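Here are a few exercises to work through with the structure open beside you. Try each task before reading its solution.

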Amino acid sequence: MDLIALAVPFFLLAIGIEWYVDRVRGTGFFRFNDAIGSLATGAYNSTTGLFTKVISIGIYAVVLDHFAPFQMPLSWFDGSPRGLLAWLGVLLLWDFMYYWKHRLGHEVSVFWAAHSVHHQSEEYNLTTALRQTSTDFLIGWVVYLPMFLIGVPVEVFLTVSAIDLIYQFWVHTRHVGRLGWLDYWFVTPSNHRVHHAQNHRYIDKNYGGILIVWDRLFGTFEPESEPVVFGVRKPLRSFNPVNANLHVYRSLLADSLETAKWSDKWRVWFGRTGWRPDDVSATRPLKILPLDEFVPYQGVRTQQQIVYLGLQFVFAIVLTFLIGNVAVTFGLSAALPIAVGLWVLLACLGALADGVVWSVYAEWVRLAVSPLLAVWLAVMIDANILEFFVAASAYSATSAVGFAQVLRSRLSLAT
């Protein structure tokens, strides 16, 4: 049972409630483009994860079967008091390992390249919780290997990891203040706001998942004591989820290729986050603006564009749920055509929100090829090809009319 998939509808409901509260209070903690950018990145994460999680799970299974001296039987993890204690023990162990994985995600460049996606939002609300990387499968699995060396079953590992991550959802809000004694023991909204800050005193603090105790033990705790400026010191300046996932990797690759020393080429990736070779810094220095000059990224938008992007994103949410259902019913290969369509859709929406020149042409091409993807899907699930083609063509034609209105409004503004 995928607990996170079951929780997603409740996540979306909670986001809707928080947005309504934000509107009623007039606090302005939601921005349309930023929220859509976070949710689009989350959709990328959840759908690419269907195809990539087999890598880490496969590695864990191999380690458990061939390198663990002992395997904990699943019968240990029942509903008895002893079984519940076993569940709690593994959950605490996972939370401890998560602390160190999270810390590596901030303190080692290649880990930061993946984790930075979660911190790129320059607002802080429940949509930020769903803003997750799609590249963690490349190296993030390494940190949890000790759990399998001591014999934790894969099924138990996946369950406690889902519980821990579901807990972390609710702390991504600015509508909950300090919570007294809970702030001392647990990760709370106040503690986690500190973690998402780019304020100097808050950098690399409060890594805990459920328990903030780990930060207190290892010297990385910082209480919330001054207004938080959210985001990263090297801003993404984009709402495109593809850019979000590749942003830091591109910078690391450029530095690694440019530096002359071979040792520095390695250190760019596995050294302390933010470190750059001297020769690269001399020819291409980074300029970090003071916090008092920081201005959140706005992108380009008109009222018609907001409506178009919003409606298309509702369609993207439908596709996201459909991908999971098709994958379960017909297999991953059958879900691939919808996934490709979703990934292209989200990339185009992000490019349109950024106002990049090629986004207009990309959107026209996307609408033109959507019926072909529908035909591909129909073939994969042995459905009526004509019906799928007609339905997709109707979607493309309707969207094209709406998109033409968006372009017309932009032209009228320009003149």
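**Exercise 1.** In this predicted model, decide whether lysine 101 is buried or exposed, then find its salt-bridge partner.

*Solution.* Start with the relative accessible area of lysine 101, which is 17%. Buried means under 20%, so lysine 101 is buried. Next, look for a carboxylate: lysine 101 forms a salt bridge with aspartate 136, with 3.2 Å between the closest N and O atoms. Lysine 101 sits in helix 3 and aspartate 136 in the loop between helix 5 and helix 6, so the pair ties together parts that are 35 residues apart in sequence. Finally, check the partner: aspartate 136 has 29% relative accessibility and therefore counts as partly exposed.

**Exercise 2.** Which residue forms a salt bridge with arginine 103, and where do the two lie?

*Solution.* The partner is glutamate 107, with the closest N and O atoms 3.0 Å apart. Both residues belong to helix 3, four residues apart, or about one turn of the helix. Arginine 103 and glutamate 107 are both buried.

**Exercise 3.** Work out how helix 11 and helix 12 are oriented to each other.

*Solution.* First take the axes: those of helix 11 (residues 241-258) and helix 12 (residues 262-270) come within 8 Å and cross at roughly 165°. Angles over 145 degrees count as roughly antiparallel, so helix 11 and helix 12 are roughly antiparallel to each other. Then list who touches whom: the contact includes Tyr249 and Leu252 of helix 11, and Lys265, Val268 and Trp269 of helix 12. Sorted by type, the residues of this contact are six nonpolar, one polar and two charged.

Note on methods
Residues are numbered from 1 along each chain as its sequence is written. This is a predicted model: local features need pLDDT of at least 70, side-chain atom pairs count only at pLDDT 80 or more; totals for chains, interfaces and linings use all residues. Side-chain values use heavy atoms; hydrogens and water are left out. Axes are lines fitted to C-alpha atoms, for helices over the stretch in contact, and angles run from 0 to 180 degrees between N-to-C directions. Angles under 35 degrees count as roughly parallel, over 145 as roughly antiparallel, 65 to 115 as roughly perpendicular and the rest as oblique. Contact means heavy atoms within 4.5 Å. Ala, Val, Leu, Ile, Met, Phe, Trp, Tyr, Cys and Pro count as nonpolar, Asp, Glu, Lys and Arg as charged, and the others, Gly among them, as polar. A salt bridge is a side-chain nitrogen of Lys or Arg within 4 Å of a carboxyl oxygen of Asp or Glu. Buried means under 20% relative accessible area, exposed over 50%, partly exposed in between (1.4 Å probe, protein chains only).
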